[in-house]
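Student: I'd like to go through this model with you, one question at a time. Can we start once it's on the screen?

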Amino acid sequence: MPDVIDPQLLSPATIPTQTQPRAGSLGVPSRQNSGTLDNLSDGEGNTGKRRKLNLRKCRQCRDARKKCFPEDREWPDKCERCQKHRPHPLECSPPEINENKRGKNKVKPGRGAKSTSPSAKPDPEVADDSDDSLSEKDVKQEIATYERPPPTLPARKRVHAQGKEPVSEPLAFGYKDLKQDHFRLIHLAPGRGDAPLVCWLSEVSIYDKPKPDYEVVSYRWEAVSRPDAEILLQESENDINSRRPKKIKQHLGTILKTLRHPKLVKKFWLESLCLKVGNKAEMNQQRTIKKHIFYLANNLCFWLGEDLYLKAALDFISEIIKLDSIDKLVQDDNTIEKWSAFVQLLKNEVFSRLWLLHELTISQKQKVTLISSQSPIHYSDFVDAVAMFSSRRSQISSLFNRLHRGYRALDDPKIILAERFVDVTTNALRIRDVQQRSTGTESIGFGKDGRVERLLDLETLVSLLGNHKSGNSRDIIYTLLALAKDVHEYPDFRYNPKLKIDYETSTMEVYQNFVDHVLKQSKSLDILCRRWASPCPLEEPAYPSWINASNINSEAEMFVGMPDKHPYNASKPRDLVYEFTEQDENRKSLTVKGFVLDKISRLGSTSEVGRIKHEWLQLGGCSIINDLDYVPDSFWKTLVADRNDNGCNAPSWYYRAFLQCLVETPVGKDINVDEIIKLYEDSAMLIVDFLRRVQSVISGRKFLVSKDRELSGLAPPTSKPGDSICILYGCTVPVILREDKATTSWTFVGECFVYGMMDGEAVELSDKDSNLIREQQFEMR
C-alpha cells in the first residue's frame with residue numbers, strides 16, 4: 001500500500017494565490033431535451049411550437065427569472081408565485097413589460113459533438129425551456145463565470161500494468177460498498193433553470209494521481225425545507241435507460257440547480273448524496289477520511305441559503321473591506337439598512353454548525369466560495385469584513401442606538417458564534433515555509449513548498465465551540481479531532497485510541513474519554529467548569545455531574561477563561577491529583593483532592609439580564625440612604641469578578657461608575673443596567689464599559705454569602721444554601737459541590753467567584769489553619 005496521505009498536504013496547484021468568486025446559476029434559463037426549435041417546452045409541461053413569451057412580470061418574478069401567472073392579472077391582484085411563497089408570501093408589484101432584447105436562438109449540436117475534457121463534458125441534449133433567453137455574448141460571459149481556479153487537468157486512461165494513474169470508475173447503481181480509502185462523487189449533468197437534475201455516481205480514492213477533479217459542498221442538513229424535490233439518478237453518463245428518480249430535500253435541489261453548469265458536467269461531493277446515510281459502518285469510515293476529501297477538493301461551495309437579505313449583505317461586504325471608507329460607513333445614517341443586512345448574515349445558522357466549521361477549516365480559506373441563491377463571494381472577503389465589523393463594533397452599536405434599532409442588537413449570541421466560527425476557520429491551521437525553523441508546533445502535513453501546522457489543542461477547540469451545534473451529540477468531539485494538535489493523524493490515533501470516531505459508542509463514554517484525555521494533557525480540572533457538552537440524549541443514561549452539559553447561564557463569562565488564558569489561580573501551588581473509578585452502565589466517578597473552604601449561608605435571587613437586584617446590595621453590605629452611599633470594595637469588585645475585560649485587575653474608576661449608577665436609580669429599586677446604558681452611550685462610554693462588564697459577569701448567577709467567614713461572591717443558578725465552597729487542586733477557580741451523605745459522594749454544581757480567594761489565598765489559609773481546613777478527597781458522580 002502506498003504511504004498514507006496526510007490530509008493537510010500542501011500543493012501549489014491546489015491552493016491558488018487568489019480565488020475568483022464562485023458564480024451561481026441564479027436566473028439562468030434552462031434547456032431541456034430538444035434538438036430542434038420546433039419541439040420546445042414552455043416550462044409548464046406543454047410542448048409544441050414556440051409560443052409568445054409572457055413579458056409582463058412583477059419585480060420579484062423578474063429578479064428571480066420565474067414565470068409570473070396569471071398573465072392577464074390586473075393590479076392589485078398578486079401573482080401565484082408571490083402568494084404561495086414559503087415561509088412567507090413575497091411583496092408583489094404591478095406587472096411590467098420586459099424591455100430587454102432577446103438574443104438570437106442557437107441550435108444545439110447533435111449527440112455526436114465532441115468534448116475537449118473528460119471531466120467537463122457539454123450536454124448535447126440541453127434545450128431552452130426558459131422565458132428569458134441569453135444572447136451569444138451573454139452565454140460566453142456566463143460560462144466564464146463558472147470557471148474556478150485551479151484549471152482542471154485532463155485525466156489519463158487507467159493502465160495499472162504500465163504504472164499509469166487511475167481515473168474515476170462508474171459506480172454500480174444502488175450504492176455498492178466502498179473500498180478502503182475510497183469515496184463517491186456525484187456527476188451533475190449540465191442544464192439551466194428548472195430543467196431536471198440528472199446525476200450519476202463514481203468512486204475514487206484519496207490515493208489517485210492526478211488527484212480527482214471535483215468540488216465539495218457544505219450546507220445545513222437540518223435546514224427548514226419545502227416538500228421533497230427529486231433528482232434523476234442513472235448508472236452512468238450515457239445509460240439513460242437506467243435512470244430512476246431519487247427524492248431529495250427541496251433546499252438541496254435548489255443548491256444543485258444553483259451549482260449546475262449550463263454547458264459542462266460538474267463533479268461534487270455532498271454527504272447526503274455520496275454516503276449511505278444511516279449506515280453507521282460507512283459513516284464511521286467516511287467521516288474518518290472526510291478531511292482528505294475536503295482538503296483534496298478544488299473548491300468548497302459553502303451554501304448560505306435563499307433568504308432575500310443575502311444579496312444586500314453580500315454586496316455590502318465589498319464596501320466594508322475598503323479601508324478608506326469603513327469609518328464613513330459606521331457614521332452614515334444611510335447605511336443602517338446595509339448594516340442590518342450584514343448583522344442578519346452573521347446570525348445565519350450555518351455559522352453555528354460544527355461539521356460546516358470542520359469542512360471549511362480543512363479546505364483552507366484560499367479555496368472557499370460563499371454561495372447563495374443571490375450572489376457569490378470569496379470567503380476571504382467575508383473574513384476581512386467580520387474582522388473590520390468587530391473592530392468598529394462600538395461605533396456601529398451607537399449607529400443602531402441612534403436610529404432606534406436597539407443598542408443590544410449587536411450583543412446577540414449568534415454573532416459571537418459567527419465570530420468564533422471565523423476565528424477558528426482562519427487560525428486553527430497555519431501554512432509556513434518548510435525552511436523556517438521549527439517552533440515546536442505539531443506538524444501535520446508537508447508539501448513541496450510548504451507545511452501545515454495545527455495550532456490549537458482539543459481542549460481549546462471544544463471550549464471555544466461548545467455552543468455550536470450538530471445533529472449528533474458526539475460531534476462536539478468528532479468534528480474537531482482532525483484540527484487538534486494533540487490528537488494523532490488518521491489512521492493511527494496513537495495518542496488516545498478511545499477518541500477514534502465510532503458512532504456505536506455512547507455519548508457518555510465519548511465525553512468521559514474526552515475529559516480523561518484533557519486531564520492527562522493539561523493537568524488541570526478547568527474543563528469541568530466550562531460549558532461544552534451537548535444535552536444528554538433521551539435514550540441514553542444521564543451524564544455524571546462532572547460533565548458540564550448545562551445550557552443555563554450561557555451568556556455569562558466563564559471564570560476559568562480559555563485554556564491558554566487563566567484570569568485566576570485559586571489552587572496554586574497545589575497540583576492536580578485525580579482518579580477515575582468504574583461505576584454501573586459504563587459510568588465513571590472522578591475522585592480529586594482539595595478542601596472545603598466554607599458553606600453557603602445566603603443566596604440572592606438569580607440575576608436577570610440588564611438588572612442588578614436591590615437585594616444583592618443588601619446582602620453585600622451596601623448602605624444606600626439618600627446622598628450617603630456606602631459600597632464596600634467586596635461588593636462592586638464582585639460585580640465585575642475583580643477583573644476588566646482583558647483579565648487584568650479591576651480599575652479603581654469602576655467604583656465611581658457604580659456610584660453614578662446609584663445616582664440614576666431610585667432608592668430601594670433594582671439598578672436598570674439597560675436604561676443607564678441607553679442614557680450614557682453617547683456621552684459617557686466609561687460608564688457604559690463598566691455596565692457591560694457587569695452584565696457579562698452577573699448574568700444568570702446568584703449572589704452568595706458564606707456561613708463562617710462571611711465571604712461574598714457569585715454562584716451558579718442551581719446553587720442552594722448548605723452547598724460547599726471548595727478548592728480543588730488543579731482548578732484555577734473555586735467550585736460549588738453538594739454532598740450526598742448517603743453515598744459519601746459529591747455532585748459537581750459549577751464554578752464560582754469568591755472575593756479575596758481567587759489567587760491562592762485559600763491555600764495559604766489552609767496551611768496556616770490545618771485544623772479547621774482539612775485536605776480531603778471528593779468522589780464526584
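Student: Which residues form one aromatic cluster?

Tutor: Before that, a word on the source: this is a predicted model, where local features need pLDDT of at least 70 and side-chain atom pairs count only at pLDDT 80 or more, while totals for chains, interfaces and linings use all residues. Residues are numbered from 1 along each chain as its sequence is written, and side-chain values use heavy atoms, with hydrogens and water left out. Rings of Phe, Tyr and Trp (its six-membered ring) pair if their centres lie within 6.5 Å, with planes under 30 degrees apart counted as stacked, over 60 as edge-to-face and the rest as tilted. One aromatic cluster is formed by Trp616, Phe635, Trp653, Tyr654, Phe658, Phe690 and Phe703.

Student: How many aromatic pairs does a search of the whole structure find?

Tutor: A pair of aromatic rings is described by the distance of the centres and the angle of the planes. Searching the whole structure gives a count of aromatic pairs of 28.

Student: Arginine 701 has its charged end over a ring; which ring is that?

Tutor: A charge sits over a ring if NZ of Lys or CZ of Arg is within 6 Å of the ring centre and within 35 degrees of the ring normal. Lysine 588 does this over phenylalanine 580, 5.7 Å from the ring centre. For arginine 701, the distance to the centre is 3.9 Å, and the ring belongs to phenylalanine 559.

Student: What share of the protein's residues count as buried?

Tutor: Buried means under 20% relative accessible area, exposed over 50%, and partly exposed in between (1.4 Å probe, protein chains only). Of the 781 residues of the protein, the buried share is 53%.

Student: And in the largest nonpolar core, which residues touch the most other members?

Tutor: A nonpolar core is a set of buried Ala, Val, Leu, Ile, Met, Phe, Trp, Tyr and Cys residues joined through side-chain atoms within 4.5 Å. The largest one has 176 residues, and those touching the most other members are Phe302, Trp339, Phe342, Leu345 and Ile477. A second, separate core has 19 residues, including Ile736 and Val749. So back to your question: the names are Phe302, Trp339, Phe342, Leu345 and Ile477.

Student: What does tryptophan 339 touch, leaving out residues up to four places away in sequence?

Tutor: Contact means heavy atoms within 4.5 Å. On that basis, the partners of tryptophan 339 beyond four places in sequence are Phe316, Ile320, Ile326, Leu329, Val330, Phe389, Ile396, Leu399 and Phe400.

Student: Is threonine 361 buried or exposed?

Tutor: Helices (H or I, at least four residues) and strands (E, at least two) are DSSP runs, numbered from the N terminus. Threonine 361 is in helix 11, residues 354-363. Not counting residues up to four places away, threonine 361 touches Val424, Thr425, Ala428, Leu429 and Leu483. Its relative accessibility is 1%, so threonine 361 counts as buried.

Student: Why is there no bond between the sulfurs of cysteine 61 and cysteine 58?

Tutor: A disulfide is a pair of cysteine sulfur atoms within 2.5 Å, and the structure holds 0 of them. Cysteine 61 is buried, at 0% relative accessibility. The closest cysteine sulfur to that of cysteine 61 is in cysteine 58, and there is no bond because the two are too far apart, at 3.5 Å.

Student: What about cysteine 92: how far is its sulfur from the closest cysteine sulfur?

Tutor: Cysteine 92 also counts as buried, at 11% relative accessibility. The closest cysteine sulfur is in cysteine 82, too far for a bond, at 3.9 Å.

Student: Which residue does a cis peptide bond join to lysine 209?

Tutor: One cis peptide bond joins phenylalanine 69 and proline 70, with omega about -5°. For lysine 209, omega is about -5°, and the partner is proline 210.

Student: Lysine 523 isn't a glycine, so what is its phi?

Tutor: Lysine 523 lies in the loop between helix 17 and strand 18 (578-582). Lysine 523 is exposed, with a relative accessible area of 58%, and valine 518 touches it. Its phi is positive, at about 60°.
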